[in-house]
Amino acid sequence: MKIFLDTANLEAIKIYNDMGIVDGITTNPTLLSKEKGNPAEIMQEIVRIVNGPVSLEVIATRIDEIIDEAHKLKKYGQNVIVKIPMIPDGMKAVKKLKEEGIETNVTLVFSANQAILAAKAGASYVSPFIGRLDDIGNEGMLVIKEIVQIFRNYEFRTQVLVASIRHPVHVTEAGKVGADVVTLPPDILGKMLLHPLTDKGLVAFLSDWEKVKKENPQLTI
Ligand code: G3P
């Protein structure tokens, strides 16, 4: 399972990228709006720091403008994946960009049928938003399960990228149903790292070692 960070925060990206646990980044206009500074410079810096795929989203909703923005975003670097909304002109753009060899991530997907169409159009990734489905009383993870099964049945090569993740259990569940990628806000990745028994165990290891050192002050490892 690949782990992407769902953020435009450079500080968080650097912290987790240095740990070697981040395979890529997803951004969107909302995430960029939360950061101080020029969005173009932020996007450029993310693409520079991270070796893996970085999804940068178009703002346009009409085919010609989507294609124009996709070409501009692609200039940030080879690892850019152009993120395109699940709308009719978006599907046309996905098809055209695939023909040009430009990879896409179809966003704002909320059903298995939308995911099938994005895959048919030629998207490299589909991004179903599970938290927003949970928010309105649907079970987001069921949609992931359906998409994974359908893509397997027909050997679609499009990767299932689980987005709108709200807590660590979403990550475990996405892994159990076989999703290809999860994209997480940095605070959820932080929560995944922690366990109270790890902290408690480390305190005991360190204090026991102090006792050994008291008896053998010259001791080193
Ligand atoms: O990548 C966008 C997606 O993860 C949105 O998440 O929390 O705004 O529903 P959220």
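Which backbone nitrogen does the side chain of Thr7 reach? Keep that in mind as you open the viewer, and remember that this is a predicted model.

**Stop 1: Thr7**

Select Thr7, in the loop that runs between β1 (2–6) and α1 (10–18). Its side chain reaches the backbone nitrogen of Asn9, at 2.9 Å. Now switch on the surface: Thr7 counts as buried because its relative accessibility is 5%, and the cut-off for buried is under 20%.

**Stop 2: the ligand**

Next, select the ligand and show the residues around it. You should find Asp6, Asn28, Lys83, Phe129, Arg132, Ala163, Ser164 and Arg166. By type, this shell divides into 4 charged, 2 polar and 2 nonpolar residues.

Three side chains deserve a distance label here. For Arg132, a side-chain N or O atom is 2.7 Å from an oxygen atom of the ligand. Ser164 also has a side-chain N or O atom 2.7 Å from a ligand oxygen. For Arg166, the corresponding distance to an oxygen of the ligand is 2.6 Å. Taken alone, the ligand would expose 310 Å², and the protein buries 81% of that area.

**Stop 3: salt bridges along the helices**

How many salt bridges does a search of the whole structure find? The count is 9, and here are some to select.

- In helix α4 (residues 63–74), pick Asp68 and Lys72, which sit 4 residues apart, about one turn of the helix. Their side chains meet in a salt bridge, with N to O at 3.2 Å. Asp68 is partly exposed, at 40% relative accessible area.
- Move to helix α5 (residues 88–99) for Lys95 and Glu99, again 4 residues apart, about one turn. The N to O distance in this salt bridge is 2.8 Å. Glu99 counts as exposed, at 59% relative accessibility, while Lys95 counts as partly exposed, at 48%.
- In helix α11 (residues 196–215), choose Asp208 and Lys211, 3 residues apart, about one turn of the helix. They form a salt bridge at 3.0 Å, N to O. Lys211 is exposed, with a relative accessible area of 51%, and Asp208 is partly exposed, at 39%.

**Stop 4: a nonpolar patch**

Finish by selecting Ile15, Met19, Leu193 and Leu194 on the surface. Together they form a nonpolar patch with about 390 Å² of accessible area. Zoom in on Leu193, which lies in helix α10 (residues 186–193). Is Leu193 buried or partly exposed? Its relative accessibility is 47%, so Leu193 counts as partly exposed.

Key
Residues are numbered from 1 along each chain as its sequence is written. This is a predicted model: local features need pLDDT of at least 70, side-chain atom pairs count only at pLDDT 80 or more; totals for chains, interfaces and linings use all residues. Side-chain values use heavy atoms; hydrogens and water are left out. Patches are made of residues with over 30% relative accessible area and no salt bridge: like charges are joined within 9 Å, nonpolar side chains (Val, Leu, Ile, Met, Phe, Trp, Tyr) within 5 Å. Accessible areas come from the Shrake-Rupley method with a 1.4 Å probe; for residues, only the protein chains shown count as cover. A salt bridge is a side-chain nitrogen of Lys or Arg within 4 Å of a carboxyl oxygen of Asp or Glu. Helices (H or I, at least four residues) and strands (E, at least two) are DSSP runs, numbered from the N terminus. Buried means under 20% relative accessible area, exposed over 50%, partly exposed in between (1.4 Å probe, protein chains only). A residue is near a molecule or strand if one of its heavy atoms lies within 4 Å of it. A polar contact is a pair of N or O atoms within 3.5 Å; within protein, one must be able to donate a hydrogen and the other to accept it, and residues adjacent in sequence count only if both atoms are side-chain atoms. Ala, Val, Leu, Ile, Met, Phe, Trp, Tyr, Cys and Pro count as nonpolar, Asp, Glu, Lys and Arg as charged, and the others, Gly among them, as polar.
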